[in-house]
Amino acid sequence: MNNLIAMPMMLPVLTAIILIFLRPYIKIQRTISLIVMIANIGISIYLLQLIQSNGILRLDFGGWEPPFGILFVADSFSVILVLTSSIVTAICLLYAFSSVEKSYEHMFFYSFINLLVAGVNGSFLTGDLFNLFVCFEIMLLASYILIAFGGKKGQLRESIKYVIINVISSWIFLVAIGYLYAVIGSLNLAHLSERIAEHGQTPIITVISIVFLTVFALKAGLFLYFWLPGSYSVPSTVVGALFGALLTKVGIYAMFRFFSLLFYHEPAITHTIIGVLAGLTLVGGSIGAVAYKDIRLVASYNVVIAVGFILVGLAVSTQSSLEGAVYYLVHDMIVKALLFLLVGTMIALTKETKLDQMSGLIRNYPLLGWMFFIVTLSLAGIPPLSGFIGKVLIGGGTLENGSYILLALAFISSIFVLYSLLRVFLSSFWGETIISKDEEIPMKKGLLIPCALLTIGSIALGLGAESLSVYIQDAAQVLVDPQLYIDAVLSSD
Amino acid sequence: MIKHRYRINNVILRTVAKLVSLIILTLAVYLFLAGHHSPGGGFVGGLVLASALVLLLIVFDIETVRKGIPVDFKKVAAFGALLSVGTGFGALIFGENFLSQAFDYFNLPFFGKTELTTVMIFEAGVALVVVGVVVTIILSISEDE
Amino acid sequence: METLVTILAGVLVTVATYLLLSKSLIRVVIGTAMLTHAAHLLIITVPGLKIGSVPILGEGDAGPVDALPQALILTSIVIGFAVTAVSLVLTYRTYQEIGTDKLDQLRGDQDE
């Protein structure tokens, strides 16, 4: 029992509610939100240390022991993700302070950001299907509202699509939960895993696993990413950054949990399907990334490519590829947030969205330009930046497994990432300056500092990979050996 | 186009609504209290309570109801949520697991031996959330032309 | 009994699919609400419909019913309620902003 585990979810929930009462006091709202995120960072670092010394932690809500009650489980994998999401949100909040319109802030903007984070952290930490569904929905409800903030025509159109797609995928989720409960009779992840291992993964369970795969593929944008670029490119910059950094990652996390903890007995079927889908996602994302001129769409398709890349790690499921995937998840959350923030800043400064209508920005905003360059290199996986190690580990895993096609696709997609972003870099930062010194919109410090922090984060993640590797290996260990998780949850303490 | 504003004669509706809303409110309280051991509870109770308010909103106009019940329903919902989440946090003070609930029997005057639980506070919160949310939705959709 | 309820769930899904495919936004919203309710029926049916007492010790002689699907459904109904509310408001806003609730008139313009 450790009540701290519930805090990354419950603190934001509590904050979101309290902020409703503080509607007129925007300064207080900002301060409280930021303090909560920083507290979450502290809590997750502490939990990470605690897991190193005490093993996987769990919290039974209301004292109901598993498998009967609902519970939160904190292993290295989930806490690393909680930590990263807290860091990203804290930095995005800093950006929000100087970019979000006053009218949004009066309309409970920070409450919804807190609820979004609560849903994301809850999904990472939950130990049963029931709460996974609930946390997904909390996250989605907050995102429905955040995406429509501003109420422009394009936003409304995309948010309707987004809502309907997600309602349908939630419906499939419910149906899949119903099926699984009918067949196995439990909703506790560890208990489910144990029972599936005892009775064997019969064909019907494999079919159910594919239904779950469909759900998470829709949520994460694995192959079923048709809704993603549109929805991620319409909201305001901060919201777009949070979506790009956090939302798809929750779907990816769920897939990792499910196919390493529950449905790992038939990799020839399930993991092959994931591999094929990941490959197709890489191809589709790469085509999308180079096809569009709207830089927000280019950034959104880069999210798609990353989803495909991370799931290559799951498809081959070796120790090193899983380590690489965890590492790449962390990297991608930070860098995607940065990419969206930079793109949003560029649009805010030039009032243009097409890459061929901007040029020579490096004269006006040199720091912004070089940060964009660093992001490009980081996403492409150039050492010593953060993308490198993840790519090498996943590549190593695919080699071990002999999945050469996936390996080839993964690395060709990296070239497409590099090309698509360099294209943006070359055409909007290089070339003739279109903004003269007098017309130049002065760069706010509040916009630059968050981007700089994330850039430093990306560099630090690349250089400090060695010191992080303990936690990442521990995270991958649990994914490889589900018994660790089961023992931690079902043992009575 | 010239709009004619008719004043519909709805005396019967108004009289009945005044009476019926009281009955609905009683039912809401009953459902809320019954919820601990039999069907009912905060959610249903809250919905029924909200339906009484919605009935009043339909029969009388929004301004009248707002004058009669000068509450910001968004705040009501938030207060309810605070109450519900607060019971979860309350367990932390006593060093229990998050969301732990407690109950005990008390000898209350008039009621006799009564079971009082912290779940009831939680449920009261849920009821308030439901009332707040439902009325807010109805008001925000019906407010403008 | 299970067969009947399953057929009912199927009918609900059919109706919901029809509504989802229609052009009117408000029908789509009703369709999504109906879809969720079909799933609720399914969840209560698939583990088997049982007659029993409340799952509290010492209440009734018949074996207790399974409380978990009911808890799941209750939660899901609340969530469905919230989602429907949000999508209704969204639809309303769209109608205000764009002046139509027909999905085929929501396509993007050249100037966007």
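In this predicted model, R58(A) sits across from V73(A), a residue of strand 2 of chain A. The pairing behind this placement involves strand 1 (residues 57–60) and strand 2 of chain A, which run antiparallel and are joined by four bridges. Strand 2 itself covers residues 71–74, and its side chains alternate: L71(A) and V73(A) point one way, while F72(A) and A74(A) point the other way. Neither face is left open, as these four residues are all buried.

Attention turns next to the nonpolar interior. The largest nonpolar core of the model comprises 248 residues, and those with the most contacts inside it are L311(A), V326(A), A337(A) and L342(A). Helix 14 of chain A, spanning residues 319–350, supplies the largest share of this core, with 19 residues. In soluble globular proteins, nonpolar side chains tend to be buried together. For L311(A), the partners beyond four places away in sequence include L222(A), I252(A) and M255(A); I274(A) and A278(A) are also touched by L311(A).

A further site of interest is L361(A), found in helix 15 (residues 361–364) of chain A. L361(A) is classed as buried because it has 24 C-beta neighbours inside 10 Å, and the cut-off for that class is 20 or more. Leaving aside residues up to four places away in sequence, L361(A) is in contact with M346(A), L368(A), G369(A), S428(A) and F429(A). Between L361(A) and T350(A), eleven residues apart in sequence, the C-alpha to C-alpha separation is 8.9 Å.

Technical notes. Residues are numbered from 1 along each chain as its sequence is written. Chains are lettered from A and ligands numbered from 1 in the order in which they are written. This is a predicted model: local features need pLDDT of at least 70, side-chain atom pairs count only at pLDDT 80 or more; totals for chains, interfaces and linings use all residues. A residue is buried if 20 or more other C-beta atoms lie within 10 Å of its own, exposed if 12 or fewer, and partly exposed in between; C-beta atoms are placed from the backbone. Helices (H or I, at least four residues) and strands (E, at least two) are DSSP runs, numbered from the N terminus. Two strands pair if DSSP finds at least two bridges between them. Two residues are in contact if their C-beta atoms, placed from the backbone, lie within 7 Å. A nonpolar core is a set of buried Ala, Val, Leu, Ile, Met, Phe, Trp, Tyr and Cys residues joined through C-beta atoms within 7 Å.
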